[in-house]
Structures are given as C-alpha cells and as structure tokens.
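Subject: Structure for you to look over

Dear colleague,

I am passing on the structure we spoke about, together with some notes on what I found in it. Please read them with the sequence and the coordinates open beside you.

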Amino acid sequence: TLRVPLEGSELSCGTGIAIVNPGNASSHTMMNLRIERSVAMNVAEFLTKKGVEFDELPHADTYDAQHLAQELHVSGREVAKTVLLRTERGDFALVVLPASRDVDFKKAAEALGEGVALATEFDISQSFPDCEIGAVPPFGVEYGLQTIVDVSLAEDEQIVFEGNTHHEAFRIGFEDYRNLEQPLVVDIVAD
C-alpha cells in the first residue's frame, strides 16, 4: 500500500488517503487503483466546510431510496438514489438517479464508453468503507469515482439523498450539488 498525504485536498477533505492496487495489472490494461479514505467522510461537516446550505433529515433506518422517500414523506422523484456500477475494465462509477427510476445499463455503457454491471455488496463496502454497508452518499468524486447524474434530477430545485448511514438524509439545492460534484449529467434511466 502506497500512502500519499493530501493535506487539504478536495478529494480527501483534508485527510490522508491510501491508493491500493487490489490485484496485478496486466501489461495491456490500466492498473485498477482504489482510493481508501483514512478518515470517515462526514456529509454534514463536508457540506458545512464547502459553505453549502442543507437540511439534515434524521429518520428511522431505511435500506433503499424508495423507503427513504416514504419515511421522509417526499416524492421518489425528489430522492436521489445511488447505484455503484463496475465497468468492463474493473473500474467503478457512481450513478445518481431518482429513487422511483431504474438504471438503463445500455445508456450507462454508452455514457462510460464500456460495458457495465451492478457492483456487488462487497464492492460497495470496499469502495465506501466509511459508510454503513449499503449506504452510499452521492459524492463519488470524494471516493475517486466518476459520477453520472440523470438529467431528470437536474430539473429539480432540491434533492434529498442518503448520508453515510441508513438513518440520516440531507436536502440541498441541486445547483449546489452540481457545483460540488461536477457530475456528468445525461439521460441514464430506463424508459
């Protein structure tokens, strides 16, 4: 493991990171590097540090975005769910879309330029080690991941999303989210 100090970097929120080669890379492929956070990302602290106005929405544990929407009494179109995809090369990308919609894998493959599949629960736990298993905040860039957001979320003034746990959610303006994350915004949902 090569440890690289990145004091004050955007990626690590002022913490150190470790860059890990999870396997041997062949000579004709890029090495699949995974970024590990040495200090847990706290979504509320992150948003405060960035000067973003937000509402913290504590709630009973929920384990999917539709139940989060029900628990918070908001439309599933306003709740942003996150889906981790594994590409053909073994890299990961984070897709953010309305809770009420599903990923169109053909559109995701076109956006990324290669085939994709759902990441496993193990992949999620390894990619987001500072989160409860299955809880994935929509800040892929903070974990060294490309983030793709469905265009329909860009039409909303505000979005609601899960934090690092299954009992916290946040509401922020979509433009604030876009400015923080700089995602690729495309049509990525199934028709």
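In which sense do E8 and strand E11 (residues 184–186) pair, and over how many bridges? They pair in the parallel sense, over three bridges, and within that pairing Ile148 has Leu184 in E11 as its bridge partner. E8 also runs parallel to E6, to which it is joined by four bridges, and there Val96 stands opposite Val149 in E8. Four of the five residues of E8 are buried, so that the strand is mostly covered.

Before going further, please keep in mind that this is a predicted model. The mean pLDDT of the protein chain is 81, with 79% of its residues at 70 or more, but over residues 1–38 the pLDDT stays under 50, although the model does have 65 contacts beyond four places in sequence for that stretch. I would read that part with caution.

As for the chain as a whole, it has six helices and eleven strands, and buried residues make up 47% of its 191 residues. Among contacts between residues at least 6 apart in sequence, 61% join residues at least 24 apart. The accessible surface comes to about 9,700 Å², of which 49% belongs to carbon and sulfur atoms.

Two of the helices deserve a fuller description. In helix H2 (residues 65–72), the buried residues are Ala65, Leu68, Ala69 and Leu72. Seen down the axis of H2, these buried residues fall within an arc of 100 degrees, and they therefore line one face of the helix. The cover over them includes strand E4 (54–58), strand E5 (79–87), strand E9 (158–162) and strand E10 (168–173). At the N-terminal end, H2 is capped by Asp64, which has a side-chain oxygen 3.2 Å from the backbone nitrogen of Gln66. In the loop between E4 and H2 one finds Thr62, which counts as buried because its relative accessibility is 5%; leaving aside residues up to four places away in sequence, Thr62 touches His67, Leu68, Glu71, Glu162 and His166.

Helix H6 (residues 174–181) can be described in a similar way, with Phe174, Tyr177, Leu180 and Glu181 buried. These residues cover an arc of only 125 degrees around the axis, which puts them on the same side of H6. The buried residues of H6 pack against helix H1 (43–49), strand E6 (92–98), strand E8 (146–150), helix H5 (151–154), E9 and E10.

The backbone just after each of these helices is also worth a look. Most residues other than glycine have a negative phi. His73, which comes just after H2, nevertheless has a positive phi of about 60 degrees although it is not a glycine. His73 is found in the loop between H2 and E5, and it is exposed, with a relative accessible area of 72%. H6, for its part, is followed by Gln182, which is not a glycine either and has a positive phi of about 50 degrees. Gln182 has its place in the loop between H6 and E11, and at 57% relative accessibility it counts as exposed.

Finally, there are two strand residues that I would ask you to inspect. Ile172 lies in strand E10 and counts as buried, because its relative accessibility is 0%. Ile172 and Ile159 are 13 residues apart in sequence, while their C-alpha atoms are 5.8 Å apart in space. Not counting residues up to four places away in sequence, Ile172 touches Leu47, Val52, Glu53, Phe54, Glu157, Gln158, Ile159, Phe161 and Tyr177; among these contacts, Tyr177 is also one of the buried residues of H6.

The other is Thr87, which has its place in strand E5 and, at 8% relative accessibility, counts as buried. The side chain of Thr87 makes a polar contact with the side chain of Glu114, at 3.4 Å. With residues up to four places away in sequence left out, Thr87 touches Leu112, Glu114, Gly115 and Val116.

With best wishes

Notes: Residues are numbered from 1 along each chain as its sequence is written. This is a predicted model: local features need pLDDT of at least 70, side-chain atom pairs count only at pLDDT 80 or more; totals for chains, interfaces and linings use all residues. Side-chain values use heavy atoms; hydrogens and water are left out. Buried means under 20% relative accessible area, exposed over 50%, partly exposed in between (1.4 Å probe, protein chains only). The arc is that of the directions from the helix axis to the C-beta atoms. Contact means heavy atoms within 4.5 Å. A polar contact is a pair of N or O atoms within 3.5 Å; within protein, one must be able to donate a hydrogen and the other to accept it, and residues adjacent in sequence count only if both atoms are side-chain atoms. pLDDT is the predictor's confidence in each residue, from 0 to 100. Two strands pair if DSSP finds at least two bridges between them. Accessible areas come from the Shrake-Rupley method with a 1.4 Å probe; for residues, only the protein chains shown count as cover.
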